[in-house]
Amino acid sequence: MKKPKIDPESIVNSSAAVKHFDEVMKKAKETPQFIAENEKVELVVLDFTLYERMSDALLVLRELAWEEEIARRVEHSVAHPEDSLSLEEALGKEAAERILKMDPEDIADEDLFE
């Protein structure tokens, strides 16, 4: 995976960042500021709105990756049923029976989804 390119103008020495943190914060509103110690970037200061957008995007990508993995497993299961386990084989007889006896209407949608 490629590392992101960092604008050298956005790199701040850690001691300078401490002395001039108000300036670092002001610049971080426009573009992330990279705090370096011993010529190695250690921290990033960025606008909270940007952080939220990045966090949301990461969550969406993780969910998409999970959904793709589920789809891949279902496709494999359909193509190779001999590789699949029954519910009883996977969970044991008692647990499988408890699950099969459950009424899906007994669980409110609010309890199933966030």
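Among contacts in the protein between residues at least 6 apart in sequence, what share joins residues at least 24 apart? It's 10%. Keep that in mind as you click through this predicted model.

**Whole chain.** Start zoomed out, with everything shown as cartoon. You should find six helices and three strands, running β-α-α-β-β-α-α-α-α from the N terminus. The radius of gyration is 25 Å, well over the 13 Å that the globule rule gives for 114 residues, so the protein is more spread out than a compact globule. Along the principal axes, the C-alpha atoms fill a box of roughly 65 × 35 × 20 Å. Switch on a surface if you like: about 10,600 Å² is exposed, with carbon and sulfur atoms supplying 56% of it. Buried residues come to 11% of the 114.

**The sheet.** Now select 11-13, 33-37 and 40-45. These strands make an open, mixed sheet in the order β1-β2-β3. β1 and β3 sit at the edges with a single partner strand each, so one side of each has no neighbour in the sheet. From one strand to the next, the twist averages 35°.

**β1 against β2.** Zoom in on this pair, which is parallel and held over three bridges. Pick Asn-13 and look across to Ala-36 in β2, which stands opposite. Then add residues 21-28: that's helix α2, packing on the sheet and touching β1, β2 and β3, with its direction at about 140° to that of β2.

**Ser-10.** Last stop, in the segment before β1. Ser-10 counts as buried because its relative accessibility is 4%. Show its contacts beyond four places in sequence: Thr-31, Pro-32, Gln-33 and Phe-34.

How values were computed: Residues are numbered from 1 along each chain as its sequence is written. This is a predicted model: local features need pLDDT of at least 70, side-chain atom pairs count only at pLDDT 80 or more; totals for chains, interfaces and linings use all residues. Side-chain values use heavy atoms; hydrogens and water are left out. Helices (H or I, at least four residues) and strands (E, at least two) are DSSP runs, numbered from the N terminus. Buried means under 20% relative accessible area, exposed over 50%, partly exposed in between (1.4 Å probe, protein chains only). Contact means heavy atoms within 4.5 Å. Two strands pair if DSSP finds at least two bridges between them. Axes are lines fitted to C-alpha atoms, for helices over the stretch in contact, and angles run from 0 to 180 degrees between N-to-C directions. The radius of gyration is taken over C-alpha atoms; the globule rule is 2.2 Å times the number of residues to the power 0.38. Accessible areas come from the Shrake-Rupley method with a 1.4 Å probe; for residues, only the protein chains shown count as cover.
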